[in-house]
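Please look through the sequence and the model shown here before reading on. The report that follows treats rings, cysteines and empty spaces in turn.

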Amino acid sequence: MIVVAGESLIDLVPQRAAAGGRPLPALLPRLGGGPYNTAVALGRLGAPVTFCSRVSTDGFGEALLGGLHAAGVGTSLVQRGPEPTTLAVASIGADGSAHYGFYANGSADRLFELPTELPEEVRALAFGTCSLALEPGASAYEALLRREASRGRFTLLDPNVRQGLIPDGEAYRARFDGWLPSVSLLKLSEDDAAWLGGDPGRWLAGRGPAAVVVTRGDQGLTVFTRQGRKVSVPAEPVTVVDTIGAGDTVNAALLHALGRRDALSPGALDAMDTIDWTDVLEFAARAAALTCSRTGAEPPYAHELG
């Protein structure tokens, strides 16, 4: 089982340019949140996965739970509360890139509490995005990351930085550096890497992750490993509708592909060679391309990837 820990929210996605004198485009609510999308993508790929979060009891929260169930995602680790669901208002650039404004004050996912124990069958955990930036829940997610890593469980971290939610960039960067000894696989975008002020070599040094995967938009993906390997694959050609959920799909595809290779165990990433990494990255690139071809975070099903 893979546990995905972090927020769920509602993306408000513009559907078309404003017309007829209207000042704003129509907004369509879509189920979202980086960790939520990752969990749904894993479920659609057929991986055993459980979501770990706090979800509102409001109508949006019920819809979010319904989306998890439809994708085959377990919800035994989901906490519930009467607080509202976080809203993320997306704006889509000419190249399909997405930018967000968040309405997150007092929302349910911010009040997440550290669970006492996880099921014995848990092999890996994934963390990231708003849940590690917004207190008081951020400290609980951080404690979960550290505790489970200390128990030898595989961990993936995707910081997926949302600068508008981070009041003190230097403090966040220092906190990020403190997470790295508890991370098995670090995945981030080129923009995140630049903002965090590091490079894969520094992040791989010492007690850091065994591998760093960097997504490079239409240039593809690259992995840097502790063994000194650098493997790149091109992006899959696709007509981009928007990039919402593409990085989250990459997270799921990486975990799923590694799981199929029995590589979600201590030391397993160090044993992977160039051919292994090429196969894993190409699978992630195909999955992300399908997500980019659709409006909002709509990751592919296993049968769509062959």
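## Rings, cysteines and spaces

Tyrosine 172 and tryptophan 179 are both buried. The model is a predicted one, and every value in this report should be read with that in mind. The rings of tyrosine 172 and tryptophan 179 have centres 5.7 Å apart and planes at 85 degrees, so this pair is edge-to-face, a label that applies to planes over 60 degrees apart. Tyr172 and Trp179 also belong to a cluster, linked by ring pairs, in which Phe176, Trp195 and Trp203 take part as well.

The count of aromatic pairs in the structure comes to six. One of them joins phenylalanine 112 and tyrosine 141, whose ring centres lie 4.0 Å apart and whose planes meet at 5 degrees, so the pair is stacked. Which parts of the chain does this pair link? Phenylalanine 112 is in the loop between β7 (98–103) and β8 (124–128), while tyrosine 141 is in helix α3 (residues 137–150), so that distant parts of the chain, 29 residues apart, are linked. Phenylalanine 112 has a relative accessibility of 3% and therefore counts as buried, the limit being under 20%. Tyrosine 141 is buried too, with a relative accessible area of 0%.

Rings also take part in another kind of arrangement, in which the charged end of a side chain sits over a ring. The two cases are set out in the table.

| Charged residue | Ring | Distance from the ring centre |
|---|---|---|
| Arginine 173 | Tryptophan 195 | 4.0 Å |
| Arginine 260 | Phenylalanine 283 | 4.7 Å |

Tryptophan 195, the ring under the charged end of arginine 173, is also a member of the cluster described above.

The cysteines come next. How many disulfides does the structure hold? There are zero disulfides. Cysteine 52 is in no disulfide, and the nearest cysteine sulfur, which belongs to cysteine 130, is 16 Å away, whereas two cysteine sulfur atoms would have to be within 2.5 Å to count as a disulfide. With a relative accessibility of 0%, cysteine 52 counts as buried. Cysteine 130 is likewise in no disulfide, its nearest cysteine sulfur being that of cysteine 52, and at 5% relative accessibility cysteine 130 counts as buried.

Empty spaces in the model include both cavities and pockets. The count of cavities of 30 Å³ or more comes to three, and the largest cavity has a volume of about 60 Å³. Among the residues that line this largest cavity are Val4, Pro35, Phe127, Leu156, Asp158 and Asn251. Which elements each supply at least two residues of this lining? They are α1 (34–45), β8, β9 (154–158) and α7 (246–260). By type, the lining of the largest cavity divides into five nonpolar, five polar and two charged residues.

The second largest pocket holds about 310 Å³ of space. Its lining is made up of 21 residues, and those nearest the centre of the pocket are Val183, Ser184, Arg226, Pro266 and Gly267. The residues lining the second largest pocket divide into nine nonpolar, eight polar and four charged.

A last residue to find in the model is aspartate 242, which has its place in the loop between β13 (230–233) and α7. Is aspartate 242 buried or exposed? Aspartate 242 has a relative accessible area of 2% and is therefore buried. Although aspartate 242 and threonine 295 are 53 residues apart in sequence, they are 6.1 Å apart in space, C-alpha to C-alpha.

Key
Residues numbered from 1 in each chain as written. Predicted model: local features only at pLDDT ≥ 70, side-chain atom pairs only at ≥ 80, totals over all residues. Heavy atoms only, no water. Phe/Tyr/Trp six-rings, centres within 6.5 Å; stacked < 30°, edge-to-face > 60°. Helix = DSSP H or I, 4+ residues; strand = E, 2+ residues; numbered from the N terminus. Buried < 20%, exposed > 50% of the residue type's maximum accessible area, 1.4 Å probe, protein only. Lys NZ or Arg CZ within 6 Å of the ring centre and 35° of its normal. 1 Å grid on protein atoms, 1.4 Å probe; cavity = no way out; pocket = protein on both sides within 12 Å on 5 of 7 lines; lining within 4 Å. Points joined across faces, edges and corners; volume = space filled by probe spheres on them. Nonpolar A, V, L, I, M, F, W, Y, C, P; charged D, E, K, R; others polar.
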